[in-house]
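Here is a short tour for someone meeting this structure for the first time. Take a look at the sequence and the model, then read on for the spots worth finding.

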Amino acid sequence: AFSHVPLAPPDPLFGLIAAHKADTHPDKVDLGVGAYRDDDAKPWVLPVVKKADALLRDDPDLNHEYLPIAGLQTFTSAAARLILGADSPALAEKRVCSVQTISGTGAVHTGARFLAKFYPRPQNQAVYISDPTWANHQQILDNVDLPVAKYPYYHAASRGLDFAGLTSALRSAPEGSVVLLHACAHNPTGVDPSRDQWKEIAVIMRERKLFPFFDCAYQGFASGDLDNDAWAVRYFVEQGFELCIAQSFSKNLGLYSERAGVFHFVSPPVADAADATTRIGSQLAIVQRSEISNPPAYGARIADKVLNDKVLFDEWKEQLRTMAGRIIDMRETLVQKLTELGTPGDWSHVTKQIGMFSFTGLTEKQVLRLREEAHIYMTKNGRISMAGLNSHNADYVAAAIDKVVRE
Ligand code: PLP
């Protein structure tokens, strides 16, 4: 009965990771995976996570009972304070409904499922995603049958933001469209709007009655400062938007496999907002119950300890600065080495871009040559994970890039 099922291609990113793993060359470099690596190319378990883990292990009352449907409440409310700011009026006015999800992916999915079910789209309005965006956005939206449209984002010539393209697409988007926005550290480009540009985006979105859906996978990881990286989200909330947020703790706590995330729905400041929160929460609970019943506990418990303990929280901030700082250093190192080599082209975008990734501008052909000749792995669009660079391989990578750019 299933002979019509076509063979799907393997996930390009996970295929790349496997290819790097299978490569036996001693100088191989993984610039594909979007996970933090230390200066020895090793995964880093944050010391604060180790401490939280030890506290959990020592807790004689810990058990494996189900979490509530909406997850660990002390975690989800601390997560809401983290993204919105502890003094956010939206929190004081009980306008925020938070549900623990299977990390950021699950949060995007839960939001998409909820919007597909309840968001009024009489003209079948689309969800606008940036071009390009995180590869999973399109397929998550496809899964819940929401139509997808794209807004221009990346300006290839300047290797920066196509602000004119972005704003004109939003201006012509049908009223009531949903717009998926990266809260900070845009994946894959590393290009974020400036604060003034965010303000203009907000003006257009209000005029056109567009619904913001923020995907926040890198808070604190981008600039090293949790508040700075939450600025855009907080600005939109301040402006009174009704919006939702998908929040991930994969990168900023290094909890990748533990799937700790939260979906937040923020109602606008209207008289019955607290009532809306209750109603929306009740429906999100049904979505959750029918899909995963209740979320996994371990990652949430770790994040809960870190977010709710002043000492651990301060240590975490320090460790965020370590990760963000190393990545920023690697951007500078790479540009410096390419400059020393006299590599053709302007590489200043590498230091202007922010977060885990840089869109290098390398062509697909150059990317494939780097893989074949130098055993350096990156996605075909020329995106490199800055965390894959370190003081031991930066010379090697710069020399290899220099070589393929010249030929
Ligand atoms: N959204 C964006 C833009 C991402 O880059 C990622 C991870 O790479 C995610 C969401 C979700 O990650 P996770 O499901 O591990 O939280």
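## Around the ligand

Let's start at the ligand, bearing in mind that this is a predicted model. There are 13 residues around the ligand, and S103, G104, T105, S248 and S250 come nearest. Helix α5, which covers residues 103-118, is the top contributor to this shell, giving three residues.

What kinds of residues make up the shell around the ligand, by class? Nine are polar, three are nonpolar and one is charged.

## Strand β2 and its partner

Next up is strand β2, made of residues 96-102. Is this strand mostly covered or mostly open? It's mostly covered: of its seven residues, six are buried.

Strand β2 also has a partner, β10, and the two run antiparallel, with seven bridges joining them. If you'd like to find one spot along this pairing, look for I102, which sits opposite A260 in β10.

## Two domains and where they touch

Now step back to the whole chain. The domain assignment splits it in two: domain 1 takes in 12-44 + 325-406, and domain 2 takes in 73-308. How far apart are the C-alpha centres of the two domains? They lie 29 Å apart.

The two domains do meet: 18 residues of domain 1 are in contact with 21 residues of domain 2. On the domain 1 side, the elements that supply two or more residues are α14 (349-352) and β11 (357-359). Of these, β11 gives the most, with three residues. As for the character of that side of domain 1, eight residues are nonpolar, eight are polar and two are charged.

## Two cis peptide bonds

A couple of peptide bonds here are worth a closer look. One joins D131 and P132, and this bond is cis, with omega at about 5°. To find P132, go to the loop between β3 (127-131) and α6 (136-143).

The peptide bond from N187 to P188 is cis too, with omega near 15°. Where does P188 lie? Look in the loop between β7 (178-182) and α8 (195-207).

## Two arginines with positive phi

Two non-glycine residues with positive phi come next. R159 has phi near 50°, a positive value in a residue other than glycine. You'll find R159 in the loop between β5 (154-155) and β6 (160-161). Why does R159 count as buried? Because 23 other C-beta atoms lie within 10 Å, and 20 or more is enough for that label.

R259 has a positive phi as well, near 60°, and it isn't a glycine either. This residue is in the loop between β9 (243-248) and β10 (260-266). R259 has 21 C-beta neighbours inside 10 Å, so R259 also counts as buried.

## What the record adds

Finally, there's a database entry to set beside the model. For residues 27-401, UniProt lists "domain: Aminotransferase class I/classII large", and the entry is unreviewed.

How much of the chain over residues 27-401 is helix, and how much is strand? Helix accounts for 46% and strand for 15%. The C-alpha atoms at the two ends of that stretch are 14 Å apart.

Conventions: Residues are numbered from 1 along each chain as its sequence is written. This is a predicted model: local features need pLDDT of at least 70, side-chain atom pairs count only at pLDDT 80 or more; totals for chains, interfaces and linings use all residues. Domain bounds come from an automatic or database domain assignment. Two residues are in contact if their C-beta atoms, placed from the backbone, lie within 7 Å. Helices (H or I, at least four residues) and strands (E, at least two) are DSSP runs, numbered from the N terminus. Ala, Val, Leu, Ile, Met, Phe, Trp, Tyr, Cys and Pro count as nonpolar, Asp, Glu, Lys and Arg as charged, and the others, Gly among them, as polar. A residue is near a molecule or strand if its C-beta atom, placed from the backbone, lies within 6 Å of it. A residue is buried if 20 or more other C-beta atoms lie within 10 Å of its own, exposed if 12 or fewer, and partly exposed in between; C-beta atoms are placed from the backbone. UniProt positions are given in the numbering used here, feature names are shortened, and annotations may be inferred rather than shown by experiment. Two strands pair if DSSP finds at least two bridges between them.
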